[in-house]
Amino acid sequence: MQESTQRAIRKSQRDGLVIRVADSEQELRVFFEMHLKIRKYKLGLLAQPFQFFQNIWRHFVDTPAWISSLGSVSGQNRCGRFLFGVKDTLYYKFNASLPADLSHRPNDLLIWEGIQRGKARGFSSLDFGLSDIDQEGLVRYKRKFGTQEKIISFLRHAPEGVPSLAEKQIRNLLAQLTHRFTNQLVPDVVTEGAGEDLYRLFA
């Protein structure tokens, strides 16, 4: 890891950030509410329905292939992370932290703790997942952990012809609804409900 990452980990520890295993659906809900805020206030996107995370939790929580953690300062939850294991590899899947607490640099310590717990369970590598080429900040962040980068190629097939007027209108409507429901003046509970309704139709 880069030296700056090691310093960030030590700073989080000095600041009292404690990482613990999340082992209940109540703690899953805590993570989800942080996830919803990141999607809404930082990315302008709707969050997946809470039921989506519940289904994952109920299938994997009691298996060695699942590592879930929450980070707290003075008893207040500040960040959370889920890792999935397949064969000898852990996959970095979901992460969330409260924007107001980024001074604690919680994500570096979250990953470091995940690496240690994964190693203790017999995993030999951590896959940070794909990043788009234009996501420069995310790519830089992943490089801090001594990652090996590879090109991931996709093959796509598009039907012949241009999208119909109705298809264009539906895409525009989805974008407009997402923009409206992620407005900061909209209560989070309404944003959550919009995600539940729209994901069933468009995901």
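Aromatic pairs number 15 in this structure, which is a predicted model. In one of them, the ring centres of Phe-52 and Phe-53 lie 5.2 Å apart. Their planes stand at 85 degrees, so the pair is edge-to-face. The two residues are neighbours of unlike exposure: Phe-53 is buried, at 1% relative accessibility, whereas Phe-52 is partly exposed, at 34%. Trp-66 and Phe-84 also form an edge-to-face pair. Here the centres are 5.0 Å apart and the planes meet at 70 degrees. This pair links distant parts of the chain, 18 residues apart. Trp-66 belongs to strand β2 (residues 66-73), and Phe-84 to strand β3 (residues 76-86). Both Trp-66 and Phe-84 are buried.

These four residues are part of one aromatic cluster. Its other members are Phe-31, Phe-32, Phe-50, Trp-57, Phe-60, Phe-82 and Phe-94. A charged side chain sits over one ring of the cluster: Arg-29 lies over the face of Phe-50, at 4.9 Å from the ring centre. Another such contact involves Arg-156, which lies over the face of Phe-154 at 5.5 Å from the ring centre.

Charged side chains also pair with one another. The model contains eleven salt bridges. One of these joins Asp-188 and Lys-37, with an N to O distance of 3.2 Å. The partners are 151 residues apart and link distant parts of the chain. Asp-188 lies in helix α7 (residues 188-202), and Lys-37 in helix α2 (residues 25-42). Asp-188 has 22% relative accessibility and therefore counts as partly exposed. Lys-37, at 30%, is also partly exposed.

A further salt bridge connects Lys-144 and Asp-108, at 3.0 Å from N to O. Lys-144 is found in the loop between α5 (136-143) and α6 (165-181). Asp-108 is in helix α4 (residues 106-120), so the bridge ties together parts that are 36 residues apart in sequence. Both Lys-144 and Asp-108 are buried.

Arg-143 and Glu-149 form another salt bridge, with N to O at 2.5 Å. Arg-143 is partly exposed, at 41% relative accessibility. Elsewhere, salt bridges with shared partners join Arg-29, Glu-33 and Glu-192 into one network. Arg-29 thus appears in two settings: in this network and over the face of Phe-50.

Methods
Residues numbered from 1 in each chain as written. Predicted model: local features only at pLDDT ≥ 70, side-chain atom pairs only at ≥ 80, totals over all residues. Heavy atoms only, no water. Salt bridge = Lys/Arg side-chain N within 4 Å of Asp/Glu carboxyl O. Helix = DSSP H or I, 4+ residues; strand = E, 2+ residues; numbered from the N terminus. Buried < 20%, exposed > 50% of the residue type's maximum accessible area, 1.4 Å probe, protein only. Phe/Tyr/Trp six-rings, centres within 6.5 Å; stacked < 30°, edge-to-face > 60°. Lys NZ or Arg CZ within 6 Å of the ring centre and 35° of its normal.
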